[in-house]
Protein chains: 2
Amino acid sequence: MTQGHDNVDANADTNDSVGIVTPRMESFEQSLLLETGRTLPRFDLMIETYGTLNSDASNAILICHALSGHHHAAGFHLGESKAGWWDSCIGPNKAIDTHKFFVVALNNIGGCNGSTGPTSPNPENDNKPYGPDFPLVTVRDWVKVQALLADRLDIHIWHAIVGGSLGGMQALQWAVDYPNRLKNCVVIASTPKLSAQNIAFNEVARQSILSDPDFHGGRFLEQKTLPKRGLILARMVGHITYLSEDAMKQKFGRDLKSGNFLYGYDVEFQVESYLRYQGEQFSRNFDANTYLIMTKALDYFDPARDFEGNLNKALAPATCRFLVVSFTTDWRFAPSRSREIVDALISNRQPVSYIEVDAPQGHDSFLFPIPRYVDSLRGFLGTAKANILGHNVTKNAHLHADHDPSRAEQPLRNTVQNQQVTQEQQS
Amino acid sequence: MTQGHDNVDANADTNDSVGIVTPRMESFEQSLLLETGRTLPRFDLMIETYGTLNSDASNAILICHALSGHHHAAGFHLGESKAGWWDSCIGPNKAIDTHKFFVVALNNIGGCNGSTGPTSPNPENDNKPYGPDFPLVTVRDWVKVQALLADRLDIHIWHAIVGGSLGGMQALQWAVDYPNRLKNCVVIASTPKLSAQNIAFNEVARQSILSDPDFHGGRFLEQKTLPKRGLILARMVGHITYLSEDAMKQKFGRDLKSGNFLYGYDVEFQVESYLRYQGEQFSRNFDANTYLIMTKALDYFDPARDFEGNLNKALAPATCRFLVVSFTTDWRFAPSRSREIVDALISNRQPVSYIEVDAPQGHDSFLFPIPRYVDSLRGFLGTAKANILGHNVTKNAHLHADHDPSRAEQPLRNTVQNQQVTQEQQS
């Protein structure tokens with residue numbers, strides 16, 4: 001088991017990057033029962049870690065990824081110039097400060113970046129790629145696997161679990177399923193469940209892939225082909241929902257690529273060029289079966305479903321502090337969706353801070369270093385710095401308590417809705 | 001040439017339907033120069049008319065159709081139970097009252113419902129279907145063709161030109177290109193130009209079709225196949241933009257088709273079932289090349305483009321009265337887009353009434369008989385009933401005047417923004 005700076009280069013501390021990082025595989029030779037009732041005989045997880053785990057393993061932060069994310073969240077792979085997907089927030093002195101915290105990022109099962117997924121060999125089928133035989137997985141399954149990873153890393157309680165979009169759903173599920181195993185939960189640009197419109201967009205993406213003749217019922221690898229057309233369309237429609245209408249207007253407007261109407265079906269408007277490029281790039285690097293699995297996990301997520309739609313009851317087991325973040329121009333998971341989470345937590349007298357960040361980038365905002373957002377994240381995580389150092393234990397005792405049903409009767413604490421987190425929290 | 005009740009059955013006056021209607025073809029054996037610079041050697045228009053043209057041909061109303069619309073706007077075709085697409089508004093005593101008005105609806109060129117389009121024989125290629133050789137057409141081209149149809153029908157001045165969505169763009173273009181030929185212009189759920197996001201959705205629809213292997217570069221009819229997959233996807237993504245998020249929530253929510261998660265790619269949520277059904281139906285009846293042509297016409301529409309983006313200047317030639325209608329939950333062409341038109345007209349001191357109708361159906365609202373909307377439409381068109389009968393000529397003289405540049409210096413008249421049209425207008 002490897003922890004600490006072993007995968008961060010020596011220059012990391014001289015700037016705000018964790019530097020060169022090397023992913024590593026954690027293999028689990030144990031069967032995994034999934035929510036669908038199906039079982040994986042074994043699985044691998046591709047992970048990256050940044051920073052150093054302290055002696056009592058109290059400074060670990062788990063980063064959960066979104067639809068197309070993975071374990072490479074910060075720093076650089078050797079020979080590559082593109083930083084990890086959340087490099088803006090993870091690093092020395094950054095919001096998720098690797099001087100203070102031991103940060104763990106992984107590729108979820110079902111993914112296509114090294115963890116066991118549809119492109120992995122299926123031991124029950126002559127080690128041919130799983131393809132469509134890889135079982136559907138749910139947010140709850142991912143959280144279960146992440147808990148096994150935590151066991152492996154000797155992390156009994158996460159200082160925080162943080163995620164945006166689909167990652168935020170995992171953070172929320174952790175708070176419910178393992179209330180004793182996290183102190184802080186950060187749910188960014190997320191929702192307690194998808195709307196009909198969200199599902200509709202996912203369905204268009206899925207049908208794009210499923211109806212591509214090169215998909216071959218998911219066995220395209222065996223056919224030595226790729227459903228590129230389907231993946232391109234899926235990504236194009238996805239991208240429209242990631243950007244706000246205003247962001248698109250600012251970025252492209254009605255600008256023409258050649259300056260004039262061409263009266264044909266080649267690229268005319270810049271926005272067409274952008275979408276085609278995004279789709280093309282994505283189709284080279286992403287597995288179509290993984291895309292299907294990820295969209296289904298999104299559709300299924302609905303922790304209130306077991307409680308007749310009552311989100312208050314669903315979230316009641318959580319004992320951690322929450323930071324919920326939304327962005328004004330996010331129309332995929334609009335602020336009103338985040339507020340559903342906040343309202344449920346407040347009703348339950350659970351400690352929650354909420355910020356609605358004015359940002360033009362739409363759903364993608366969660367990937368940008370927007371000052372108010374980053375400062376709030378830093379402040380929220382930093383409060384617990386005192387806890388790490390052993391201060392304020394009494395003051396924050398409720399944050400560490402095991403789940404106690406009577407807690408719901410305690411007075412409202414630490415709840416801030418629709419306003420910036422307080423200075424105390426940010427310090 | 002046929003006008004009047006010849007295509008309306010004898011029972012039409014006993015209820016609010018125009019009854020059984022029969023479309024007819026108007027052929028134009030003349031070449032048509034298009035905005036692209038290309039020429040059609042000849043063309044046919046499939047049209048329907050309802051009501052009777054009066055002796056001085058002053059009671060004619062032109063209905064312009066939207067992306068997938070056509071000439072069958074009201075009544076029933078023999079043996080069919082489905083009414084025309086705007087039957088809710090066109091008929092005896094309806095908002096567009098066929099007791100008073102002679103209503104003309106047509107299928108635009110480039111369409112696939114009988115007018116010359118990609119499925120028509122190409123006289124310059126052994127009468128094989130045009131397919132991809134059919135030229136791109138613009139809103140301005142359609143308006144030019146509609147003016148030729150007006151000539152054919154001896155209609156020198158339309159009492160009104162009415163259209164929703166892409167149809168509204170045609171009505172607006174009429175007001176600019178032929179200011180002497182219409183008295184009233186009704187622009188519903190439309191926009192002076194598409195946004196980057198609108199173009200992005202169109203581009204996804206186009207790429208769905210263009211990348212379907214059965215599209216065969218547009219020559220699918222010669223290959224005896226149909227790009228069904230592409231059309232299904234195009235229609236699915238279109239449908240998401242036609243409905244409001246709230247309408248989808250009300251209609252489907254997260255309802256499951258079987259009551260339980262199936263953990264597969266068959267239909268699980270009702271919204272998936274709805275989209276697939278809509279896509280499937282559409283793909284049977286609509287031509288893929290026409291879909292491409294229609295989306296490009298939408299993208300190109302931008303009357304302000306010739307005036308360095310100045311919509312005021314673009315609309316200045318118009319001399320008709322305007323009714324502009326938007327719907328609160330329309331996110332395809334949001335009320336703010338309609339207000340751009342209204343603001344330009346007000347700046348120009350042109351007579352405009354504007355209503356923003358509170359309706360849950362999103363962009364599709366324009367097809368529904370929403371009382372405030374229908375009453376306003378009736379009232380706006382009815383004002384001119386007086387004109388038809390010869391009253392109020394002096395009062396409304398400006399409505400009939402040829403374009404007079406000095407009109408812009410006249411005092412503001414008849415402009416109502418952001419409020420219901422006045423009782424006078426509705427009476």
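In the predicted model, helix H2 (residues 166-177) of chain A lies across E5, E11 and strand E12 (182-188) of chain A. H2(A) runs at about 150° to E12(A).

The sheet beneath this helix packing in chain A is open and has 8 strands. Their order is E1-E4-E8-E5-E11-E12-E13-E14, and the pairing is mixed. Strand E1 (24-28) and strand E14 (352-357) of chain A are the edge strands. Each of these two pairs on one side only. Direction ignored, neighbouring strands of this sheet are turned by 20° against each other on average. At one edge, E1(A) runs antiparallel to strand E4 (residues 43-50) of chain A, and 5 bridges join the two. Within this pairing, Phe28(A) has Phe43(A) in E4(A) as its bridge partner. Helix H1 (residues 139-152) of chain A also packs on the sheet. H1(A) touches E1, E4, strand E5 (60-64), strand E8 (102-106) and strand E11 (158-164) of chain A. The direction of H1(A) makes about 105° with that of E1(A).

Chain B was examined next. Its open sheet of 8 strands has the order E1-E4-E8-E5-E11-E12-E13-E14, with mixed pairing. Strand E1 (24-28) and strand E14 (352-357) of chain B stand at the edges, each with a single partner strand, so one side of each is left without a neighbour in the sheet. From one strand to the next, the twist averages 20°. Inside the order, strand E5 (residues 60-64) and strand E11 (residues 158-164) of chain B run parallel. They are joined by 4 bridges. Ile63(B) stands opposite Val162(B) in E11(B). H2(B) packs on the sheet and touches E5, E11 and strand E12 (182-188) of chain B. The direction of H2(B) makes about 150° with that of E12(B).

Two packed helices are described by the angle between their axes and the distance between the axes. For helix H1 (residues 139-152) and helix H2 (residues 166-177) of chain B, the axes come within 9 Å and cross at roughly 70°. H1(B) is therefore roughly perpendicular to H2(B). The crossing of H1(B) past H2(B) is right-handed. From H1(B), the contact involves Val139(B), Arg140(B), Trp142(B) and Val143(B). These meet Met169(B), Gln170(B), Gln173(B), Trp174(B) and Asp177(B) in H2(B). By class, the residues of this contact of H1(B) with H2(B) divide into 5 nonpolar, 2 polar and 2 charged.

The relation between the chains was then considered. Chain B superposes on chain A by a rotation of 180° with 0.0 Å of shift along its axis, at an RMSD of 0.0 Å. The two copies are thus related as by a two-fold rotation axis. Both copies use the same surface: 100% of the contact residues of chain B recur in chain A.

The contact between the chains takes 39 residues from chain B and 39 residues from chain A. On the side of chain B that touches chain A, the elements giving two or more residues are helix H3 (196-210), helix H4 (228-242), helix H5 (245-251), helix H6 (270-285) and helix H7 (288-300) of chain B. H3(B) gives the most to this side, with 11 residues. By class, the side of chain B that touches chain A has 22 nonpolar, 7 polar and 10 charged residues.

Conventions
Residues are numbered from 1 along each chain as its sequence is written. Chains are lettered from A and ligands numbered from 1 in the order in which they are written. This is a predicted model: local features need pLDDT of at least 70, side-chain atom pairs count only at pLDDT 80 or more; totals for chains, interfaces and linings use all residues. Axes are lines fitted to C-alpha atoms, for helices over the stretch in contact, and angles run from 0 to 180 degrees between N-to-C directions. Angles under 35 degrees count as roughly parallel, over 145 as roughly antiparallel, 65 to 115 as roughly perpendicular and the rest as oblique. A crossing is left-handed if the near helix is turned anticlockwise from the far one by less than a right angle, and right-handed if clockwise. Two residues are in contact if their C-beta atoms, placed from the backbone, lie within 7 Å. Ala, Val, Leu, Ile, Met, Phe, Trp, Tyr, Cys and Pro count as nonpolar, Asp, Glu, Lys and Arg as charged, and the others, Gly among them, as polar. Copies are superposed by least squares on the C-alpha atoms of residues with pLDDT of at least 70 in both. Two strands pair if DSSP finds at least two bridges between them.
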